[in-house]
Amino acid sequence: RTKVIWLGSNYPDRGEYNLENDVSSVNYVIESGIPLEIVTVRQNSSLRGSANVSVSRTEIYDKMPGLGPLAMSPVTGRHGGSFRHFGDYSINLFQNKSGDRPRKPLFDLVALSILKNPQWGVRESIPAPIVVDNLNWSNRPGNSREITIWEDFNSEAIIEDFFESIENDYLVE
């Protein structure tokens with residue numbers, strides 16, 4: 001009744017922060033037999049990964065003030081400040097965003113979006129590879145264990161749903 005949806009990897013290419021910092025855990029999960037689905041990142045390399053699902057400062061500044069459920073007590077933000085709505089915190093994140101990229105990927109949101117609507121991405125089942133020396137993927141075509149690779153996300157649908165959901169939030173009991 002459990003599966004792992006991992007936001008990480010640039011499979012079949014090497015590199016990606018979540019992979020590079022814990023190869024032994026990645027290989028452990030791959031070998032464990034638990035159903036594994038990988039939401040690709042592909043930052044700086046392709047428009048096919050979750051890095052392509054992004055929002056601009058203007059979108060966040062215009063749409064997010066005061067949105068999201070009201071927290072019972074203020075939450076301290078990553079860069080300081082106190083926030084009672086996620087929308088206000090998201091604005092603060094953009095104000096303190098390093099670098100000069102005009103857009104910010106919504107990586108985690110993409111991983112959640114395929115649970116909500118699998119039609120928002122393209123999935124492919126492949127024989128489970130393994131990560132070997134120098135962080136390279138090694139394909140194992142004869143492996144009977146399969147994993148799922150997700151990419152080609154419908155950025156427009158995911159972002160539209162995000163803004164609609166944050167505007168119309170409700171608590172699930």
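1. Burial and overall make-up. In this predicted model, 40% of the 173 residues of the protein count as buried. The protein has six helices and 10 strands, and its C-alpha atoms fill a box of roughly 55 × 40 × 30 Å along the principal axes. Among contacts between residues at least 6 apart in sequence, 69% join residues at least 24 apart.

2. The two sides of H2. Helix H2 spans residues 23–32, and Val-26, Asn-27 and Ile-30 in this helix are buried. These three lie on the same side of H2, because they cover an arc of only 95° around the axis. Residues three or four places apart in an α-helix point the same way, because there are 3.6 residues a turn. Ser-24 and Tyr-28, on the other side of H2, are exposed.

3. What packs on H2, and how the helix ends. The cover over the buried residues of H2 includes helix H1 (17–20) and four strands: S1 (4–7), S2 (36–39), S8 (130–132) and S9 (136–138). After H2 comes Gly-33, which has a positive phi, near 95°.

4. The four-stranded sheet. Which order do the strands take in the open sheet of four? The order is S1-S2-S10-S7, and the pairing is mixed. S1 and S7 (122–127) are at the edges with a single partner strand each, so one side of each has no neighbour in the sheet. Direction ignored, neighbouring strands of this sheet are turned by 25° against each other on average.

5. The S1–S2 pair. S1 and S2 run parallel and are joined by four bridges. Within this pairing, Trp-6 stands opposite Ile-38 in S2.

6. H5 on the sheet. Helix H5 (residues 107–116) lies across three strands, namely S1, S2 and S10 (146–151). The helix runs at about 150° to S1.

7. The largest pocket. The volume of the largest pocket is about 1200 Å³. It is lined by 39 residues, and those closest to its centre are Lys-104, Pro-105, Leu-106, Phe-107 and Asp-108. Elements that give two or more residues to the lining are H1, H4 (86–95), S6 (103–105), H5 and H6 (155–167).

8. H5 and H1 in two roles. Which element gives the most to the lining of the largest pocket? H5 does, with seven residues, and H5 is also the helix that lies across S1, S2 and S10. H1 likewise appears twice: H1 is among the elements covering the buried residues of H2, and H1 gives two or more residues to the pocket lining.

Technical notes:
Residues numbered from 1 in each chain as written. Predicted model: local features only at pLDDT ≥ 70, side-chain atom pairs only at ≥ 80, totals over all residues. Heavy atoms only, no water. Buried < 20%, exposed > 50% of the residue type's maximum accessible area, 1.4 Å probe, protein only. Arc of directions from axis to C-beta. Contact = heavy atoms within 4.5 Å. Pairing = 2+ DSSP bridges. Axes fitted to C-alpha atoms, helices over the stretch in contact; angles between N-to-C directions. 1 Å grid on protein atoms, 1.4 Å probe; cavity = no way out; pocket = protein on both sides within 12 Å on 5 of 7 lines; lining within 4 Å. Points joined across faces, edges and corners; volume = space filled by probe spheres on them.
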